[in-house]
Amino acid sequence: MSSATLETPIRNLVTATGGFAGTRRSQFPNVRPPGYFSPDADPAAVRAFFEANGYLVLENAFNPAEVEELKQETTQICRGQRGELPDHPAADPAEPDDSVLQRFLCIHFPHKCSDVMLRAIHNQPTIKTLTTVVGPNVKCMQSMLFIKSSGKPGQAWHQDEDYIPTRDRSLIGAWISIDRANTDNGCLWVLPGSHRHGILWEQHWHGDRRFDCAEESVNFPYRDEEAIPVEVEAGSVVFFNGYLLHRSLPNKAPQGTYRRSLVNHYMTCESRLPWGKPPEGEHNGHFDHRDIIIVAGKDPYAYRGYESIHKPSVRPSGQGGCDKWGGKGRQYKEAAKAEAPAATA
Ligand SMILES: O=C(O)CCC(=O)C(=O)O
């Protein structure tokens, strides 16, 4: 996959984990790997693990009733009960939930149509972890609701700052698991410590049916074998740095199962957010996207005001091809192979 383009000492980064790693419930996984914390874990240990590894897991951030509420709300959003989604008419009341849910891989900006999703952005254990690892002043600019029923693809290796650029590298994803996530149903995989290079790696169309239409980062100095799965219970939140290389694989669990997750993205309030196109005539350096929610502390740019720009949208799964998402002529590897001229002896 990737070839080593840089010599790097950034390896063996696991630091001692406070909290209860390895000592809690007997179910799944039996022994917690390093990096799993409880909401009352020592903030210094949480910060140290995150700085070294670029990710961490906060367990029990959402209680079972809150998880159930997120699950029910996901269904209502998909059915069109929180407003019709673009190109997806509201479901017929007679259509079973399963049949509706299977139409969606992911819905962007669900907090724009749902109070339940908006409330999740302000989840207290999540905010406490954010202020521990990001800083006292934190804003949120984006949400994505993954439904990922069995058979749906994952996302190829990428770094979120490629899509949502901050000026101080403070972007952080808070990935809330609505279902237990494991290697069967397509949990997240991370390359620990990969955020520390501070490089946004080259990206290409992958041509790989395991992944949706988003491009794949390549030529970074890690092998797939170095990745670790981040398996979590429902109600956990996986935090990951915007420069951390991460991916997910398809949901291969039995038909009728889901790997639902709500991913909210946050950053410091101190950084302006040059996300999207600056308005006509505005200098790039002054550009600051203002469709944001302050979740902790103060916003030094409050004088610029706030806007509501984004609306809920449906992300293509790639199952009908990726031409619409990334430009025409995107072939999958097997098609490209079949078309290639036979090698001459
Ligand atoms: O949930 C997934 O499968 C992928 C999520 C992801 O890559 C992201 O939020 O950046």
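Which residues have the most contacts inside the largest nonpolar core? Before selecting anything, keep in mind that this is a predicted model. The core in question has 70 residues, and those with the most contacts inside it are L56, I172, V238 and F239. Strand β4, residues 138-146, gives the most to this core, with 5 residues.

**Stop one: L56**

Select L56 and display its surroundings, setting aside the neighbours within four places in sequence; the residues then in contact with L56 are G35, F37, V46, F49, F50 and F239. Of these, F239 was already named among the residues with the most contacts inside the core.

**Stop two: the strands β4, β12 and β5**

Next, select β4 together with β12, which comprises residues 261-268. The two strands run antiparallel and are joined by 8 bridges; to find one position in this pairing, pick C140 and look across to Y266, its bridge partner in β12. Now add β5, residues 172-177, which pairs with β12 in the antiparallel sense over 6 bridges, and note that A174 has N264 of β12 as its bridge partner. Is β12 largely enclosed or left open by the rest of the structure? Of its 8 residues, 8 are buried, so β12 is largely enclosed by the rest of the structure.

**Stop three: the ligand**

Centre the view on the ligand and select the residues around it, which are M144, F146, G154, Q155, D160, G173, L188, H246, S248, S261 and V263. Strands β4, β11 (246-248) and β12 are the elements that give two or more residues to this shell. Coloured by character, the shell divides into 4 nonpolar residues, 6 polar and 1 charged.

**Stop four: the sheet β9-β6-β11**

From the ligand shell, follow β11 into an open sheet of 3 strands, whose order is β9-β6-β11 and whose pairing is antiparallel. Strands β9 (228-230) and β11 stand at the edges with a single partner strand each, so one side of each is left without a neighbour in the sheet. On average, and with direction ignored, neighbouring strands of this sheet are turned by 35° against each other. Finally, select β6, residues 188-190, which pairs with β11 in the antiparallel sense over 3 bridges. Here L188 stands opposite S248 in β11, and both L188 and S248 belong to the residues around the ligand, which brings the tour back to its third stop.

Key
Residues numbered from 1 in each chain as written. Predicted model: local features only at pLDDT ≥ 70, side-chain atom pairs only at ≥ 80, totals over all residues. Core = buried A, V, L, I, M, F, W, Y, C linked by C-beta atoms within 7 Å. Buried ≥ 20, exposed ≤ 12 C-beta atoms within 10 Å, placed from the backbone. Helix = DSSP H or I, 4+ residues; strand = E, 2+ residues; numbered from the N terminus. Contact = placed C-beta atoms within 7 Å. Near = placed C-beta within 6 Å. Nonpolar A, V, L, I, M, F, W, Y, C, P; charged D, E, K, R; others polar. Pairing = 2+ DSSP bridges. Axes fitted to C-alpha atoms, helices over the stretch in contact; angles between N-to-C directions.
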